[in-house]
Amino acid sequence: MTETWQTVQWIVLPYVALAVFVLGHVWRWRADQFGWTTRSSQIYESKLLRIGSPLFHFGIIGIFFGHVVGLGIPKAWTDAVGISNHAYHLMAVTIGLAAAAACVGGLFLLIYRRRTNRRVFGATTVMDKVMYLVLAVTILAGVGATLVDSVLGSYDYREGVSIWFRQFWTLRPDVDLMASAPLLFQVHVTSAVVLFALWPFTRLVHVFSVPIGYLSRPYVVYRSKASTPSQGRRGWEEVNF
Ligand code: HEM
């Protein structure tokens with residue numbers, strides 16, 4: 001691959017994606033606050049959702065914290081506190097793969113449900129489809145890279161991808177670190193970059209709306225139709241003179 005393309009892939013695109021991510025969220029908040037939602041489809045189907053959604057979300061939250069540690073903490077720091085490379089990887093891979101199994105299982109159920117339930121599929125937008133595709137590629141390439149290159153192979157991402165990731169935030173990313181990473185890692189990171197650029201225009205905005213207020217707000221009272229006084233046709237009450 002040419003040097004120019006590598007610069008585009010590992011420097012230009014990631015910074016453009018970051019700018020789109022930040023400005024896109026500002027734009028979406030100002031232009032479409034009513035659309036800032038998960039676009040829940042629970043009303044159409046809840047059996048599969050009740051299993052798939054928590055599986056996916058617990059898995060992805062575990063993976064998020066795995067990334068915070070794996071990408072954010074330099075190898076020298078874990079060495080300094082006496083954690084051997086072997087112990088570190090054993091812990092990362094066992095906890096990581098358990099989270100990945102939950103995440104992939106949940107994602108499969110969610111996509112299966114969306115594709116096979118007519119009403120859920122009817123409520124699916126083009127943007128949802130694009131988002132699910134990029135999300136699935138990112139997650140599967142991440143799991144593939146872990147299994148093929150970290151567990152079975154000998155690539156140490158803490159000597160490559162992780163260093164590039166931290167350099168990115170100090171504005172000095174070294175292209176060679178990513179250009180020499182195994183293909184699955186390159187696919188994983190490129191797909192994640194695309195996902196971040198799409199993020200503000202999808203239902204993923206709900207990640208920034210954790211409903212903490214729900215813990216203290218009063219209950220919303222739902223009443224069944226049968227218990228309401230008017231049993232007749234919907235509309236105006238009949239007036240009897
Ligand atoms: C630029 C951003 C990202 C970078 C640099 C990155 C980097 C990495 C690295 C180095 C690994 C290997 C971990 C290991 O071998 O133990 C990994 C695994 C993984 N990543 Fe990412 N990642 C990014 C974004 C994402 C995103 C946005 C998602 C999901 C939406 C994701 C999902 C995964 C999954 C599912 C795994 C496999 C975890 C496991 O099996 O333990 N990554 N990623």
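How many aromatic pairs does a search of the whole structure find? In this predicted model, the count comes to 16. One of them joins Tyr155 and Phe185 in a tilted arrangement, with 5.1 Å from centre to centre and 50° between the planes. Tyr155 sits in the loop between H6 and H7 while Phe185 belongs to helix H9, so this pair ties together parts that are 30 residues apart in sequence. Phe185 is buried, at a relative accessible area of 7%. Trp199 and Phe208 make another tilted pair, their ring centres 6.4 Å apart and their planes at 45°. The two partners here fall into separate exposure classes: Trp199 counts as buried at 14% relative accessibility, whereas Phe208 is partly exposed at 47%. Elsewhere, ring pairs string Trp10, Tyr15, Trp164, Phe165, Phe168 and Trp169 together into a cluster.

Next comes the nonpolar interior. The largest nonpolar core is made up of 18 residues, and the ones with the most contacts inside it are Phe56, Leu107, Leu135, Ile139 and Leu195. Helices H2 (47–72), H4 (85–116), H6 (126–152) and H9 (183–198) are the elements that each give two or more residues to this core. The biggest share comes from H6, with seven residues. Leu107 gives a feel for the packing: setting aside neighbours within four places in sequence, Leu107 touches Phe56, Tyr132, Leu135, Ala136 and Ile139. Apart from this core lies another one, of 14 residues, which includes Tyr157, Trp164, Phe185 and Val193. Two of those names have come up already: Phe185 as the ring partner of Tyr155, and Trp164 as a member of the aromatic cluster.

The ligand has 23 residues around it, and those that come nearest are His67, Gly96, Leu97, Ser150 and His188. Some of these residues place N or O atoms close to polar atoms of the ligand. An N or O atom in the side chain of His67 is 2.8 Å from a ligand nitrogen. On the oxygen side, a polar side-chain atom of Ser150 lies 3.0 Å from an oxygen atom of the ligand, and a backbone N or O atom of Gly96 is 3.1 Å from a ligand oxygen. As for His188, this residue is found in helix H9 and counts as buried, at 16% relative accessibility. Leaving out neighbours within four places in sequence, His188 is in contact with His67, Thr138, Ala141 and Gly142.

Which elements supply at least two residues each to the shell around the ligand? They are H2, H4, H6, H7 (161–169) and H9. H6 again gives the most, with seven residues in the shell, just as H6 gives the most to the largest core, also with seven. By residue type, the shell splits into 16 nonpolar and seven polar residues, with no charged ones.

Finally, a couple of backbone oddities turn up in loops. Arg39, in the loop between helix H1 (3–31) and H2, has a phi near 50°, a positive value in a residue other than glycine. Leu171 does likewise, with phi near 65°, and is placed in the loop between H7 and helix H8 (175–179). Arg39 is partly exposed, with a relative accessible area of 34%. Leu171, at 67% relative accessibility, counts as exposed, as the cut-off for that class is over 50%.

Definitions and conventions:
Residues numbered from 1 in each chain as written. Predicted model: local features only at pLDDT ≥ 70, side-chain atom pairs only at ≥ 80, totals over all residues. Heavy atoms only, no water. Core = buried A, V, L, I, M, F, W, Y, C linked by side-chain atoms within 4.5 Å. Buried < 20%, exposed > 50% of the residue type's maximum accessible area, 1.4 Å probe, protein only. Helix = DSSP H or I, 4+ residues; strand = E, 2+ residues; numbered from the N terminus. Contact = heavy atoms within 4.5 Å. Near = heavy atom within 4 Å. Polar contact = N/O pair within 3.5 Å; in protein donor to acceptor, adjacent residues only side chain to side chain. Nonpolar A, V, L, I, M, F, W, Y, C, P; charged D, E, K, R; others polar. Phe/Tyr/Trp six-rings, centres within 6.5 Å; stacked < 30°, edge-to-face > 60°.
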